[in-house]
Amino acid sequence: MSTDVVAPTTPVPPDIEIAEAATIIPIVELARDRLGIDAADLVPYGHTKAKVSLAHLRTLTDHPDGNLVLVTAMSPTPAGEGKTTTSVGLADGLSLIGEKAMVALREPSMGPVFGIKGGAAGGGYAQVVPMVDINLNFTGDFAAIAAANNLLAALIDNHVHHGNALDIDPRTITWKRVVDLNDRALREVIVGLGGPVNGFPREDGFDIVVASEVMAIFCLATSIKDLRDRLGRIVVGYTRAKKPVRAADLKAHGPMAVILRDALAPNLVQTLEHTPALIHGGPFANIAHGCNSVIATTAALKLADYVITEAGFGADLGAEKFIDIKCRAAGLSPRAIVLVATVRALKYHGGVAVADLKAENVPAMEEGMSNLRRHLRNVTEVFGVPAVVAINRFPSDTDAEIERLKELVAALGSVAVEATHYSDGGAGCADLARAVVEAVEACAGPVSFTYPDELPLAQKVKAVARRIYDADTVTFDAKARKKIEQLEAEGYGHLPVCIAKTQSSFSTDPTMRGAPSGHTVNVREVRLSAGAGFVVMLTGEIMTMPGLPKVPASEHIDIDDEGRITGLS
């Protein structure tokens, strides 16, 4: 067994210490010098972050588009894979080799920040800054999304209270309230208690902000008009005559769009190495499409030659939804896809316990290649996009493991490149950046979708399940099948599907590691997101309001008398 382990020459400090010690170029200067954006076209939030005005973005329409590169990963494991860190490191690596690059990422939700996952601004020496601001309140986008969502909820109950002219059946109201924290006690609630003056009692509930349809709409809208129109198409419930009730029927879409007007402009920040970054929006990758906003992505493509963006969870969820929902809606097409893999994750999918992942185990890594192999097949054969495997190297990885992984990927016709951005920043991704440039240049055509628009909803689910998950059978609970028939009859059959399933497996069982085949995917519930423009198919146990763990991350977060924050990661 080899003991040749590569580790950083000095320990990498905690993320927050690195971020707090960073030199940040004033955002007005960064925008002017790196992107050619005048101060008049920015709305600064302090000295280190700003919104780029929508009016300025409209002037970029005639600029040629840069090359879009999607960062995704093999199926997530408890050991972590590092998509965001790799996205940031790759953008810095491209800048280092002389390319004009930007990174476009999702905004973090405070639920995971204070819960179990932590923040989402990268890590080590591959971060976006100001890290504390980004992970907490940032520019207030999530607060605006929550307010718009909850305004609609209030207007629904107010309409019923004041005579219910639309004849809404309160039992059919599907619209929930939201909050940007993990709070399991709010999943199921009763509203309207306390007598007639407080409204009509009914069952209700809360989702986390990132699981809301407003968030999905926000990230797919291309303009204020498109945002307002999409908000108006939200279906909140049904009348007693079983007709859909939309937000526009309640005259809610106008004021909701007003609340979201300023938030719709993308947020400009920078990496530790001063590569420009647009961070905007953040829908769940289970219940929604898991990508940053279309506005931020398309703006970045007009401002840079290479745009690195990320999709949530593994490629079976994130990349599939990025392509079949976001790219389909916005006319985008990635010219390369980076699949993040780690030796630890491969060993986990090869059957190794989490406690034993640091020990060298080439045979287990070879066994776990089944997971990466299928993701690689999907990217190159189903989506038709050139792929590069980024080996996010950890100190416990041995040379024998790294070299064997490169050989295994090469045998599949792709290239795997070691990346050490966590400890080395952009320099640790320079080779990866060169490989990505080569992949982009080799791209032969536009991305392919998993299914065509005209396919019926149930057949779209089957196409994803069979082509991406390698499932054998798709079943539908009676309630789900009836809902699909209803949506087809109402004219929603042309919409793409958003399959909500566990991120931990190709199957709907999170305990099935590797690359299970021949399994059954059961759709237990169907939800319409008419404003966002997709139909959600729920499988397994998917929570739209997470709970806190026994020891939440918030226990380690504090602030001293000088206002310095500790424990945030």
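Guide: Two strands pair if DSSP finds at least two bridges between them, and strands (E, at least two residues) and helices (H or I, at least four) are DSSP runs numbered from the N terminus. This is a predicted model, in which local features need pLDDT of at least 70, side-chain atom pairs count only at pLDDT 80 or more, and totals for chains, interfaces and linings use all residues. Residues are numbered from 1 along each chain as its sequence is written, and side-chain values use heavy atoms, without hydrogens or water.

Visitor: Which residue in strand 21 stands opposite V474?

Guide: Strand 19 (residues 473-476) runs parallel to strand 21 (residues 520-529), joined by four bridges. V474 faces a valine of strand 21, V521.

Visitor: What is the bridge partner of R527 in strand 22?

Guide: Strand 21 and strand 22 (residues 534-539) run antiparallel, with six bridges. Their hairpin has four residues between the strands, and G533 there takes a positive phi near 95 degrees. Across from R527, in strand 22, is V536.

Visitor: Which helix gives the largest share of the largest nonpolar core?

Guide: A nonpolar core is a set of buried (under 20% relative accessible area, 1.4 Å probe, protein chains only) Ala, Val, Leu, Ile, Met, Phe, Trp, Tyr and Cys residues joined through side-chain atoms within 4.5 Å. The largest has 143 residues, of which L152, L372 and M537 touch the most other members. Nine of its residues come from one helix, residues 141-161, which is helix 7.

Visitor: How far is the charged end of R328 from the ring centre of F449?

Guide: A charge sits over a ring if NZ of Lys or CZ of Arg is within 6 Å of the ring centre and within 35 degrees of the ring normal. R374 lies over F506 at 4.8 Å. For R328 over F449, the distance is 4.4 Å.

Note on methods. Buried < 20%, exposed > 50% of the residue type's maximum accessible area, 1.4 Å probe, protein only.
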